[in-house]
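Hi everyone, thanks for making time for this. I'd like to walk you through a structure that is probably new to most of you, so let's put it on the screen.

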Amino acid sequence: PGPGDTTAPTAPGRPTATDVTATAATLSWAASTDNVGVTSYEVLRATGTGAASVVGTVSGTTYRATGLTASTSYTFTVRARDAAGNVSAASPPLTLTTPAGNGGGGDQGCAATYRVVNSWAGGYQAEVTVRNTGTAATTGWAVSWTAPAGTTISSLWNGRLTTSGSTVTVRNEPYNGQL
């Protein structure tokens, strides 16, 4: 038999962040390719200007970074590993700053406006617009409200819906979190 696999995977795509809070963020990236197959991804994190270290290893292309500190700058990169142990170059970096407190405060803030676009017997279509009211950019948003009893949402575009009792929350998609 010839020599073993010595070809490293390609570098993963630049991570993007969603669901950014004062203490956590969800990272996603484009997959690497390899001549045999990628088996895992190493997520590296640097705080401020410090050195990066591996904070997690996952088999897929998403990772929930937890244990973050409010109002702190973090830089994330990702490396791919194949079955032979070959490691790719690091992805392009993603730098984000966690918001103060639970997502607001200081010079950050968001506002949501609501308007009915179309209505019919037993239902209606509405539009919610989220805008940044602060002076700093945000990397994620969430809108919550209390729904009247018996209300259901049958379709939703450009957001991710969760409900808990009568509390409805819509969070940004990976492509529309920047405000």
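Before we look around, one term: a polar contact here is a pair of N or O atoms within 3.5 Å, where, within protein, one must be able to donate a hydrogen and the other to accept it, and residues adjacent in sequence count only if both atoms are side-chain atoms. Please also keep in mind that this is a predicted model.

Let's begin with the overall layout. The domain assignment splits the chain into domain 1, residues 16-98, and domain 2, residues 110-172. Their C-alpha centres are 30 Å apart.

So what happens where the two domains meet? On each side, 4 residues are involved: 4 of domain 1 are in contact with 4 of domain 2. Together the domains bury about 370 Å², and carbon and sulfur atoms supply 36% of that area. On the domain 1 side, Thr18, Asp19 and Val20 lose the most area to domain 2, together making up 78% of what that side buries.

How many residue pairs are in polar contact across this interface? Using the term I introduced, the answer is 0, counting pairs with both residues at pLDDT 80 or more. As for the kinds of residue, the side of domain 1 that touches domain 2 has 2 nonpolar, 1 polar and 1 charged. The number of salt bridges between the two domains is also 0.

Now let's turn to pairs of side chains. The count of salt bridges comes to 2. In one of them, arginine 79 and glutamate 42 meet at 2.7 Å, N to O. That pair links distant parts of the chain, with arginine 79 in strand β6 (residues 73-82) and glutamate 42 in strand β3, 37 residues apart.

There are 2 aromatic pairs as well. One of these brings tryptophan 29 and tyrosine 41 together edge-to-face, 5.7 Å centre to centre and with 65 degrees between the planes. Tryptophan 29 sits in the loop between β2 (24-28) and β3 (38-47), while tyrosine 41 belongs to strand β3, so the pair ties together parts 12 residues apart in sequence.

One last stop: glycine 13, in the segment before β1 (16-18). Leaving out residues up to four places away in sequence, glycine 13 touches Trp29, Ala30, Ser91 and Pro92. Between the C-alpha atoms of glycine 13 and threonine 26, 13 residues apart along the chain, the separation is 15 Å.

Conventions
Residues numbered from 1 in each chain as written. Predicted model: local features only at pLDDT ≥ 70, side-chain atom pairs only at ≥ 80, totals over all residues. Heavy atoms only, no water. Domains from an automatic or database assignment. Contact = heavy atoms within 4.5 Å. Buried area = accessible area lost by both parts, 1.4 Å probe. Salt bridge = Lys/Arg side-chain N within 4 Å of Asp/Glu carboxyl O. Nonpolar A, V, L, I, M, F, W, Y, C, P; charged D, E, K, R; others polar. Phe/Tyr/Trp six-rings, centres within 6.5 Å; stacked < 30°, edge-to-face > 60°. Helix = DSSP H or I, 4+ residues; strand = E, 2+ residues; numbered from the N terminus.
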